[in-house]
Amino acid sequence: MWIVYAIMSAVFAAITSIFAKIGINGINSNLATAIRTIVVLILAWGIVFTTGTHKDIKNISNKSMLFLILSGLATGLSWLFYYKAIQMGQVTSVVAIDKLSIIITIVLAFFILNEQITVKSIFGGILIAAGTLIMVL
């Protein structure tokens, strides 16, 4: 089932980029990111309250909370830079460069999470890097 969610994530990420490029026209990129964040906040908390999972907040450990907060900060910074980049450049080039995060994630997962790097992931990373270069040059 995870693959269905991953595909849906990719579809909505693509739609997000197109809608953002259209919506950001003539607007400060930080303001646009703040508006987007409010919408995401309302949507996420709406789902949490609708499903009743808000009751589980008390069960979150300090470590989990710390890393969720750090993840939120990283997401916020990513969105701010992403919106500025799509405001200034072509969406296709920005998205291609943004997907270099896959390679960075592979390296970080190896060092921080002790996940194994396979020949397949190395080859895939090389193809992603090559594809990015082709798309932005």
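**Exercise 1. What does the accessible surface of the protein come to, and which share of it belongs to carbon and sulfur atoms?**

*Solution.* The structure is a predicted model, in which local features need pLDDT of at least 70 and side-chain atom pairs count only at pLDDT 80 or more, while totals for chains, interfaces and linings use all residues. Residues are numbered from 1 along each chain as its sequence is written, and side-chain values use heavy atoms, with hydrogens and water left out. The accessible surface, computed by the Shrake-Rupley method with a 1.4 Å probe, comes to about 10500 Å², of which 76% belongs to carbon and sulfur atoms. Of the 137 residues, 13% count as buried, where buried means under 20% relative accessible area (1.4 Å probe, protein chains only).

**Exercise 2. Describe the fold and set the UniProt features against it.**

*Solution.* Begin with the secondary structure, where helices (H or I, at least four residues) and strands (E, at least two) are DSSP runs, numbered from the N terminus. The protein has 6 helices and 0 strands, and its C-alpha trace spans about 50 × 45 × 25 Å along the principal axes.

Next, turn to the record, bearing in mind that UniProt positions are given in the numbering used here, that feature names are shortened, and that annotations may be inferred rather than shown by experiment. In an unreviewed entry, UniProt lists residues 1–136 for "domain: EamA", and over these residues the chain is 81% helix and 0% strand, with end C-alpha atoms 33 Å apart. The feature "transmembrane region" is placed by UniProt (unreviewed entry) at residues 6–24, 31–52, 64–82, 94–113 and 119–136. Over residues 6–24 the chain is 95% helix, with its end C-alpha atoms 26 Å apart; over residues 64–82 it is 100% helix, and the end C-alpha atoms are 26 Å apart.

**Exercise 3. Characterise the largest pocket and the second largest pocket.**

*Solution.* First fix the term: on a 1 Å grid over the protein atoms alone, a pocket is an open set of points where a 1.4 Å probe fits, with protein on both sides within 12 Å along at least five of seven lines, and lining residues have an atom within 4 Å of a point. A volume is the space filled by probe spheres set on the points.

The largest pocket holds about 540 Å³ and is lined by 17 residues, of which T16, R36, V39, V40 and Y83 lie nearest its centre. Helices α1 (2–23), α2 (29–51) and α3 (62–88) each supply at least two lining residues, and α2 gives the most, with 8 residues. By class, this lining has 14 nonpolar, 2 polar and 1 charged residues, where Ala, Val, Leu, Ile, Met, Phe, Trp, Tyr, Cys and Pro count as nonpolar, Asp, Glu, Lys and Arg as charged, and the others, Gly among them, as polar.

The second largest pocket holds about 450 Å³ and is lined by 18 residues, with A13, S17, Y82, D98 and K99 nearest its centre. Two or more of these lining residues come from each of α1, α3 and α4 (91–98), and α1 gives the most, with 8 residues. The lining divides into 9 nonpolar, 6 polar and 3 charged residues.

**Exercise 4. Locate A96 and list its contacts.**

*Solution.* A96 is found in helix α4 and is buried, with a relative accessible area of 7%. Contact means heavy atoms within 4.5 Å; leaving aside residues up to four places away in sequence, A96 touches T132, M135 and V136. The C-alpha atoms of A96 and G131, which are 35 residues apart along the chain, are separated by 8.0 Å.

Conventions. Buried < 20%, exposed > 50% of the residue type's maximum accessible area, 1.4 Å probe, protein only.
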